[in-house]
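Biologist: Can you put the model up? I'd like to go through a few side chains, then the packing.

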Amino acid sequence: MKRLLLFFCCFGILLFWSSCRNDFEFSPSTGNLEFARDTVYLDTVFTNIGSSTYNLKVYNRSDDDIVIPTIQLENGVNSFYRMNVDGTTGLEGAQEGKFFEDVELLANDSLFIFIETTIDIETLSNSDTQFLYTDRILFDSGNSQQDVDLVTLVKDAVFIYPNRDATTGIIETLTFDVDGDGTPDETALQGRFLENNELTFTNEKPYVIYGYAGVGNGQTLTMEAGTRVNFHRDSGIIVTQGGTLNINGELSTDQYALENEVILEGDRLEPLFADVPGQWGTIWLFNDSMDNTINYATIKNATIGVLSEGNQDENNDKLAITNSQIYNASAFGILGRATSINAENVVINNCGQSSFAGTFGGKYNFTHCTIANYWNSSFRQFPSLLLNDFIVDENNTVFTNDLVEANFTNCIIYGNDNPEFLLEDQGPIFNYKFTNCLLRFDNDDLQGTTNYMFSDATFYENNIFNVDPEFEDPFENLMRIGADSGANGIALPLLPAGSDLLNAARNATEPDSGAYESVSFDD
């Protein structure tokens, strides 16, 4: 009886309290909403690829609880935008995500509107390779109507992707000779080999690659100046036995737009993803691919920028890379395995492990290169430069291979760790030499031991140690050197003197080491 009496007393109090409150008596909005911004820019998207989710905050600054009669997209069911208002998708059917009724908003409170888009450029334009798509969010109607603009730049693209079996849903994988026995091997690598009519990439439209685009025996993939290649997650390019990759960028007049360079990066175009490492796989130069060249390319945000394997004893270098930049690789900028690489005027920076790693021996010649690492996203296990001549299998068995040569001439090897180069040998032939380089190495435990006898001109000649290279801003990948750089005037003069990465003439008698000639940042 007491419990029943207590229940009715409590119920009566609640009923009386609620009947006296007018907090939840909503009145219609009168056009006095405030917005965090008057335009929502959804940045740039590729045709038929969904955007990121953007948000708009809507405020009720008044002391009254209000109801917004309608929130809708001006283009209605035909709009390419879709909305979510504080966790709801609005009316069901065709108007879902397009039209909302009687949205309540408490006094001095706010709500979120989340906005996404997926746009088919073919429905907008028959000729342009990009199109500015707009719409408006309308709040209420008549004299009380308010609006916020929506703007998205849509780019057309050439899409390259593996086939999917209509019955099983299994995605096509690559089959090629993996172990060098002359017979094709099935792999788990999703992708397909390019058709002959797909082997020239131009600057007319960007290329968006899903999975790995394969270059097969007898094929050459050519990327012309100004080409843009965007990779989806876990995607890349693989050049297999008998295939060749030629990236033929040219010097750009606008160092911001890089209009003539070939740019390879992820397929997320929003500014938030501009410098996020590990968005895609790698450019994989597989064993027995040949005569690969990269000139005036920017390779960014990969897991490994370039992976080159095998063929260290061929007459021609497996990879010749010049006038190029590799940034923000989550593992390695360039990873070589028993291979041959010739590099000149190359900048590598901000990599999760090493910027350049020449592993399991090989043959490497780097001239006027900046091999730096100012990675600050996580712990970095390896230095900017790593050289070794061995691999260890799952049974802890060590296999060695000759490091035929590893010559670094007129280079900068530096970073935000110390030391910034590591030389590990377990085989009989381990040839290397650093000439007229600026090096970071200040380690008393290693200095003077095998591979670190800096007074031995057989391996080290005319190098400068531990002097600030004065990079413009290495954490932002601005790698030009200043007028007081430790690399100024220390390089070995070469004939011809040549030019730096920006085509500035090198000083004929006292050139600077690294990929850039020095400048005054005050200019």
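Biologist: Is Arg 136 buried, exposed or partly exposed?

Modeller: Arg 136 counts as partly exposed, because its relative accessibility is 22%; buried means under 20% relative accessible area, exposed over 50%, and partly exposed in between, using a 1.4 Å probe and protein chains only. Note that this is a predicted model, where local features need pLDDT of at least 70 and side-chain atom pairs count only at pLDDT 80 or more, while totals for chains, interfaces and linings use all residues. Residues are numbered from 1 along each chain as its sequence is written, and side-chain values use heavy atoms, with hydrogens and water left out.

Biologist: What does Arg 136 form a salt bridge with?

Modeller: Its partner is Asp 147, with the closest N and O atoms 3.1 Å apart. A salt bridge here is a side-chain nitrogen of Lys or Arg within 4 Å of a carboxyl oxygen of Asp or Glu. Arg 136 sits in strand 9 (residues 130-139) and Asp 147 in strand 10 (residues 146-155), 11 residues apart. Strands are DSSP runs of E, at least two residues, numbered from the N terminus.

Biologist: And Asp 147, buried or exposed?

Modeller: Neither: Asp 147 is partly exposed, at 32% relative accessible area.

Biologist: How many salt bridges are there by this rule?

Modeller: The count comes to 15. One of them joins Glu 420 and Arg 380, at 2.8 Å from N to O. Glu 420 is in the loop between strand 34 (412-415) and strand 35 (421-424), and Arg 380 is in the loop between strand 29 (370-373) and strand 30 (385-388), so the pair ties together parts 40 residues apart in sequence.

Biologist: Are those two buried or exposed?

Modeller: Glu 420 is buried, with a relative accessible area of 0%. Arg 380 is buried too, at 6%.

Biologist: What about Arg 506, which residue does that one bridge to?

Modeller: Arg 506 pairs with Glu 517, and the closest N and O atoms are 3.0 Å apart. Both lie in the segment after strand 41 (478-481), so the bridge ties together parts 11 residues apart in sequence. Arg 506 is buried at 6% relative accessible area, and Glu 517 counts as buried at 11%.

Biologist: Which residues do shared partners join into one network?

Modeller: Glu 74, Arg 136 and Asp 147.

Biologist: On to packing. How many residues are in the largest nonpolar core?

Modeller: That core has 59 residues, and those with the most contacts inside it are Leu 264, Phe 356, Leu 387, Phe 408 and Phe 421. A nonpolar core is a set of buried Ala, Val, Leu, Ile, Met, Phe, Trp, Tyr and Cys residues joined through side-chain atoms within 4.5 Å. Strand 27 (residues 332-351) gives the largest share, 6 residues. Another core, of 28 residues, lies apart from it and includes Leu 33, Tyr 54, Met 83 and Leu 150.

Biologist: What is Leu 387 in contact with?

Modeller: Leaving aside neighbours within four places in sequence, its contacts (heavy atoms within 4.5 Å) include Phe 356, Tyr 364, Leu 403, Phe 408, Leu 422 and Phe 430. Glu 424 is also among them.

Methods
Helices (H or I, at least four residues) and strands (E, at least two) are DSSP runs, numbered from the N terminus.
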